[in-house]
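Reader: I'd like to go through this one with you and ask how the labels were earned. Could you start with whatever term I need first?

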Amino acid sequence: KAQLQGKDFLQIGDFTKDNLMDLIKLAIQLKTMQKNGDPHKYLEGKTLAMIFEKSSTRTRVSFETGMYQLGGIAQFLNTNDLQLGKGETIADTAKVLSRYVDVIMIRTYGHDIALELAENASIPVINGLTDDAHPCQVLTDLMTVYEKKKQFQGLKLAFVGDGNNMSQSLLMGCAIMGIDCHVATPKGYEIKQSILKQAKEKAASNTSIIQTHDPYEAVKDADIIYTDVWTSMGFESEKKARQEAFREYQVNENLVKGAKDDYLFMHCLPAIRDQEVTSEVIDGENSVVFDQAENRLHAQKAVLSSIV
Ligand code: CP
Ligand code: NVA
């Protein structure tokens, strides 16, 4: 805890392999404690303020429940109900909230908004999703992979779909933990060059970090196949064009044939069945999507109890 106390949780690339491994192990411990009914009220009397500029099911409910289980409370703050929605600045909001609460979580559009909030807050800030990153989800996904595969070394993850917040954070998480990561996107929907470059720099020489346009190449011998919606929140006006562009990138029975027999199918959810993934695959025996959803609770409790 001493190592991460007071730190923000803004992007996965801010953390070392050891930091992430410690968080994963703590999350697994907290999961066992919660299931056994062992007390773990590490944040008694503490408050989390949660700012949401976009919709959420998992992030909201898991953070709120997690704070309660840790002995603290969480406040749900919708931008429209805050003065932020009426023009009060992010900086002023950060300074005011810092006088009341112990930690802030924000789900917003531009990644710079989360960074600005963190810069102006005197308390830790957690990124609950921006257009560029979803670090809470990736920590959860790494925890889920570790539970299922018992290690990271030698694994290959294929992401098929959009070069969005999910694939960018996953690529970085894989690079740090030593998982080969191949991201297959349509032309024009690649992950940001700066993220690809940073992930390659972070990866050990024997870890492959690849951006391709060929989903079959990405999925070949993969241990994990991951996808996400084709139209993320904030990109709704592009929906039609995206449905066209992503047609060959659906995760279906034909595509998954190239992966290992015991591959894991992963999706951060919410999913649109029979669009980015067929019902057969997401509801099939290789799918671990609800384990991922559950682990949001445990992984975020590990983050909260480490940084607050
Ligand atoms: N995976 C995820 O962040 O889900 P929500 O949008 O429901 O929070
Ligand atoms: N990429 C999706 C993830 C939702 C959890 C979005 O940003 O809408």
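Author: Let's start with the element names: helices (H or I, at least four residues) and strands (E, at least two) are DSSP runs, numbered from the N terminus. With that naming, Met 233 sits in the loop between E8 and H9. Bear in mind that this is a predicted model.

Reader: What makes the prediction a confident one, in terms of pLDDT?

Author: pLDDT is the predictor's confidence in each residue, from 0 to 100. Here the protein has a mean of 98, and 99% of its residues reach 70 or more. The predictor also gives the complex an ipTM of 0.99 and a pTM of 0.98.

Reader: Back to that loop. Why is Met 233 called partly exposed?

Author: Buried takes 20 or more other C-beta atoms within 10 Å, and exposed takes 12 or fewer. Met 233 has 17, so it falls in between and counts as partly exposed. Leaving out residues up to four places away in sequence, Met 233 touches Lys 54 and Ser 55.

Reader: And what makes Ser 232 partly exposed?

Author: By the same cut-offs, Ser 232 has 18 other C-beta atoms within 10 Å, so it lands in the partly exposed class. Ser 232 is in the loop between strand E8 (224-227) and helix H9 (239-245). Sequence neighbours within four places aside, its contacts are Asp 162, Asn 164 and Asn 165.

Reader: Which residues does UniProt list under "binding site"?

Author: The annotation, from an unreviewed entry, covers Asn 165, Asp 228, Ser 232 and Met 233.

Reader: How do you know that those residues cluster in space?

Author: They are spread over 69 residues of sequence, yet the largest C-alpha distance is 11.6 Å.

Reader: What about Asp 132: buried or exposed?

Author: Asp 132 has 20 C-beta neighbours inside 10 Å, and the cut-off for buried is 20 or more, so it counts as buried. Asp 132 is placed in the loop between strand E4 (125-127) and H5. Apart from neighbours within four places in sequence, Asp 132 is in contact with His 111, Asn 165 and Gln 168. Asn 165 belongs to the annotated binding site too.

Reader: Why is Ser 167 called buried?

Author: Ser 167 has 26 other C-beta atoms within 10 Å, and 20 would do, so buried is the right word. It lies in helix H6. Its contacts beyond four places in sequence are Phe 159, Gly 161, Asp 162, Val 183, Ile 191 and Asp 228. Asp 228 is another of the annotated binding-site residues.

Reader: How do you know that H5 is mostly covered?

Author: Eleven of the 15 residues in H5 are buried. Among them are Pro 135, Cys 136, Gln 137 and Val 138.

Reader: And how does the span of H5 (residues 135-149) compare with the one expected?

Author: The expected span is 1.5 Å times one less than the number of residues. For the 15 residues of H5 that gives 21 Å, and the helix reaches 21 Å from its first C-alpha to its last, close to what is expected. Just after H5, Lys 150 takes a positive phi of about 65 degrees.

Reader: Which residues touch the most other members of the largest nonpolar core?

Author: They are Ile 104, Leu 157, Leu 171 and Ile 225, in a core of 95 residues. Helix H6 (residues 165-177) gives the most to this core, with eight residues.

Reader: Why is this core said to lie between the domains?

Author: Domain 1 (12-133 + 295-307) and domain 2 (137-292) both give residues to this core, so it lies between them.

Reader: What does Leu 171 touch?

Author: Leaving its sequence neighbours within four places aside, Leu 171 is in contact with Cys 181, Val 183, Ile 191, Ile 195, Ala 199 and Ile 209.

Reader: How many residues of each domain are in contact with the other domain?

Author: 22 residues of domain 1 are in contact with 23 residues of domain 2. On the side of domain 1 that touches domain 2, helix H1 (17-36) and helix H12 (289-307) each supply at least two residues. The largest share of that side, six residues, comes from H1. The C-alpha centres of domain 1 and domain 2 are 24 Å apart.

Definitions and conventions. Residues numbered from 1 in each chain as written. Chains lettered and ligands numbered in written order. Predicted model: local features only at pLDDT ≥ 70, side-chain atom pairs only at ≥ 80, totals over all residues. Core = buried A, V, L, I, M, F, W, Y, C linked by C-beta atoms within 7 Å. Domains from an automatic or database assignment. Contact = placed C-beta atoms within 7 Å. UniProt positions renumbered as here; feature names shortened; annotations may be inferred.
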